[in-house]
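Colleague: I am new to reading models of this kind. Could you choose one part, go through it slowly, and then show me how it belongs to the rest?

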Protein chains: 2
Amino acid sequence: MNKPLRVGVAGLGTVGGGVLQLLNRHGALIAHRCGREIRVTAVSARHKGRDRGIALDGIAWHDDAMALASDANVDVVVELIGGADGIAAELVEAALNAGKSVVTGNKALIARHGPRLAALAEKKAVALRFEAAVAGGIPVVKALSEGLAGNSLSRIYGILNGTCNYILTEMEYTGRAFADVLAEAQQLGYAEADPSFDVDGIDTAHKLAILASVAFGTPLDFESIFIEGIRQVTPLDIEFAAELGYRIKLIGIATHGEKGLLQRVHPCLVAADKAIAAVNGVFNAVVAEGDFVGQTVYQGRGAGAGPTASAVAADLIDIAQGHIHAVLSPPVAGAGKTRNLAMDGYEGRYYVRLSVDDQPGVIAEIAAALRDEAVSMEELLQRPNGSGHPVSFVMTTHAVAEAKMMRALARIARLPFIAEKPEVIRIETF
Amino acid sequence: MNKPLRVGVAGLGTVGGGVLQLLNRHGALIAHRCGREIRVTAVSARHKGRDRGIALDGIAWHDDAMALASDANVDVVVELIGGADGIAAELVEAALNAGKSVVTGNKALIARHGPRLAALAEKKAVALRFEAAVAGGIPVVKALSEGLAGNSLSRIYGILNGTCNYILTEMEYTGRAFADVLAEAQQLGYAEADPSFDVDGIDTAHKLAILASVAFGTPLDFESIFIEGIRQVTPLDIEFAAELGYRIKLIGIATHGEKGLLQRVHPCLVAADKAIAAVNGVFNAVVAEGDFVGQTVYQGRGAGAGPTASAVAADLIDIAQGHIHAVLSPPVAGAGKTRNLAMDGYEGRYYVRLSVDDQPGVIAEIAAALRDEAVSMEELLQRPNGSGHPVSFVMTTHAVAEAKMMRALARIARLPFIAEKPEVIRIETF
């Protein structure tokens, strides 16, 4: 049997603890599977004294994570500190510079600095792997970069944030408002004290940027992603969507073709009979479409110690077997150029909910605003709301350019009988 | 750039043609992704003259597929002839013996001779890859052997035969009988002239045997699989199942634990809200459950030129990058021992449909037969069928040992008022 692969783990929180537990419990199995032992030789965390329920005997302790990059007994650094910058970024860069491979679960880091770090890894002929950064334990980075490598992929989309999916699922099942469910999710530990990273769609966008680059071989570009979160989604919208045969999900969608690359994150109405509509709670799902394979779907838990440890272990096992090929594929040095498209160029269907004072001529004025932008209505629902209260007026449209839709909506919003800001959600036809 | 990987393709039917088309269309992309060209240097098929719409200029033609094994210009043989024995088996063995890697889509061959061939590949330090043998283009062999390699897997199950899933889906949507839908499927080319391989569950069992060995690292064992096909499923069963909240699917299920390995293929009632219940038509789905990752689901097209070519290409790309590790993992030489369990030891819930002559005392006698084997009924449905006709009496049971259930059913079948052979379908609680 070959020499052990020596691993240094930075960060011993929930995920780091899970990684140590997995490597400990399945040490013999993994050694058998990959022909050599994977051994944790060094760790670093903020508080040495804390009882983590894991034996650290015989493992070197570094108070400073940066020491892992220069530890001669470490072949691979596993970075589980988190954050796009600061110590995590410094450690990964130093480790790669020192000729060590790196495994990370840090999506913010890869979304922000992936290309630079991948180029460094290539130059040093070491691996930079990040299966754990996207969709938890679902081996989707591997599926895209290896399993579907014979395809030209045209579209990839998914439910990539368990917090948002949990909140939307709960809102649907209980009829409660966003703020209520968010507060509960915070108490349960499913949402952070500052939830904006999740509920404003930034986390989903980080993951989408990574997936798109892996899938299409285009330069990773977080900055050009159109991002809308879920704060404005109401139980009323979820109810109307259900009436129309849809569920509301926060989805990250990237399409790539001759015109260029369009990346967007926003709530979507998806037909209730589609696979992705059935993905509930903290689960994640990714759909990849290729020219030969057709549509493939990957589902599983999107976060947590176990799934994340599973993904980190898979990356380590690959590295132990000498698989160090670039995952931001094709190799960053020759990454395909593409044009990043803006949402103005987007065309699609829309769900619009208006809150209107019930008076004669209302529909005529709305219809005129739509007609002047060539927006064609598909379905209409109007529901009375008790005398004196505004009425909900809901419509879906046929496919129309985003720019036209937004101009029509701006005009409608200024109409005197409009009681609230119009709510608009894109309808996605997968 | 490294030397090209030289590929010899045996079999130029639909799938072989798809492989050539893919490698031709995406040659530059693949070369860029894996750092070297993948070049078809030789082919073999039965009829040289046939127009396949593929240019074969500059590619060596062999009338005898066996010549690929000794062609000095071939590094990897792609076997797409099919069949567990005969020329396919001879070619794969000869190629491995000649030190060439092999990629095959032949599930019968791997299910019957996989361990022997994998041992030979190990001895010769070449690759034997068969992603295309299971679930078409879904990279599920890769997911199990690499993506989830850090887990101990406890259960794997799936819809693995598109023909059966198409027939069951059509029966459900149209209410037509098995024989009707089968005849139509044969006309459409979705089912073979001799459909027994598909509809009797053998093809599903071949794939299950492969998946179980890859997932659990247990010796591949096709012979011990319990197999029941879908011929006896009626539109009436599908209707009753729907009334009870289930859909009927042909599923291959393998569970592995301390007691041993149980592999079974049979129609199942699955709760309508489960992901696998929503997999329709020619689609396949595989669910894998691991101790760290939890449940993961993989879906896509299970057959066809495009998906199969996608899987073959992925294997070739891995080989081109030097990834030749054993896929029947852990390496066959040290494959884990296990005890193969029989269905007598199985315990589960059952759906039973009886056709009974409506007369006093019927239910009392059925209930007594069940009580004497400690079978506990959960739900009951009885539907009149017009005066003078037998009545449908449907029940579901709580979990009970298969042996007890079968004894109770044998006794019930002999009761004088039973008009037809009782129909029994297992209920799977995923």
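**A parallel sheet and its surroundings**

Modeller: In chain B, six strands form an open sheet in the order 3-2-1-4-5-6, and their pairing is parallel. Strand 3 and strand 6 (128-129) of chain B stand at its edges, and because each has a single partner strand, one side of each is left without a neighbour in the sheet. Two strands are said to pair if DSSP finds at least two bridges between them, while strands (E, at least two residues) and helices (H or I, at least four) are DSSP runs, numbered from the N terminus.

Before we go further, please keep in mind that this is a predicted model, in which local features need a pLDDT of at least 70 and side-chain atom pairs count only at pLDDT 80 or more, whereas totals for chains, interfaces and linings use all residues. Residues are numbered from 1 along each chain as its sequence is written, and chains are lettered from A, with ligands numbered from 1, in the order in which they are written.

Let us now follow part of the sheet strand by strand. Strand 1 (residues 5-10) of chain B runs parallel to strand 2 of chain B, and six bridges join the two; B:Val7, for instance, has B:Val40 in strand 2 as its bridge partner. Strand 2 (residues 38-44) of chain B is mostly covered, since five of its seven residues are buried (a residue is buried if 20 or more other C-beta atoms, placed from the backbone, lie within 10 Å of its own, exposed if 12 or fewer do, and partly exposed in between). Strand 2 of chain B also pairs with strand 3 of chain B, again in the parallel sense, over three bridges, and there B:Val43 has B:Trp61 as its bridge partner. Beyond strand 3 (60-62) of chain B comes a loop that leads to helix 3 (67-70), and B:Asp63 is found in this loop. B:Asp63 counts as exposed because it has 10 C-beta neighbours inside 10 Å. The C-alpha atom of B:Asp63 is separated by 27 Å from that of B:Ile317, which is 254 residues away along the chain.

Chain A has a sheet that can be described in the same words: six strands, open, in the order 3-2-1-4-5-6, with parallel pairing. Its edge strands are strand 3 (60-62) and strand 6 (128-129) of chain A, each of which pairs on one side only. Here we can look at another pair, for strand 1 (residues 5-10) of chain A runs parallel to strand 4 (residues 76-79) of chain A and is joined to it by four bridges, with A:Val76 in strand 4 as the bridge partner of A:Val7.

How, then, are the two chains arranged? Chain A can be laid on chain B by a turn of 180 degrees and a shift of 0.0 Å along the axis, with an RMSD of 0.0 Å (the copies are superposed by least squares on the C-alpha atoms of residues with pLDDT of at least 70 in both). The two copies are therefore related as by a two-fold rotation axis. Among the residues of chain A, A:Tyr298 comes closest to this axis, at 2.4 Å for its C-alpha. In strand 12 (residues 294-301) of chain B, which runs antiparallel to strand 12 of chain A and is joined to it by three bridges, B:Tyr298 stands opposite A:Tyr298.

Where the chains meet, 45 residues of chain A are in contact with 45 residues of chain B, contact meaning that their C-beta atoms, placed from the backbone, lie within 7 Å. Two or more residues on the side of chain A come from each of helix 2 (27-34), helix 6 (140-147), strand 12 (294-301) and helix 12 (305-320).

Finally, a word about confidence, for which pLDDT gives the predictor's own value for each residue, from 0 to 100. Chain A averages a pLDDT of 93, and 98% of its residues score at least 70, but over residues 330-334 of chain A the pLDDT is below 50, although this stretch has 15 contacts in the model beyond near neighbours in sequence. Where pLDDT is low, the predicted coordinates should not be read in detail. For the complex, the predictor gives an ipTM of 0.94 and a pTM of 0.95.

Technical notes:
Two residues are in contact if their C-beta atoms, placed from the backbone, lie within 7 Å.
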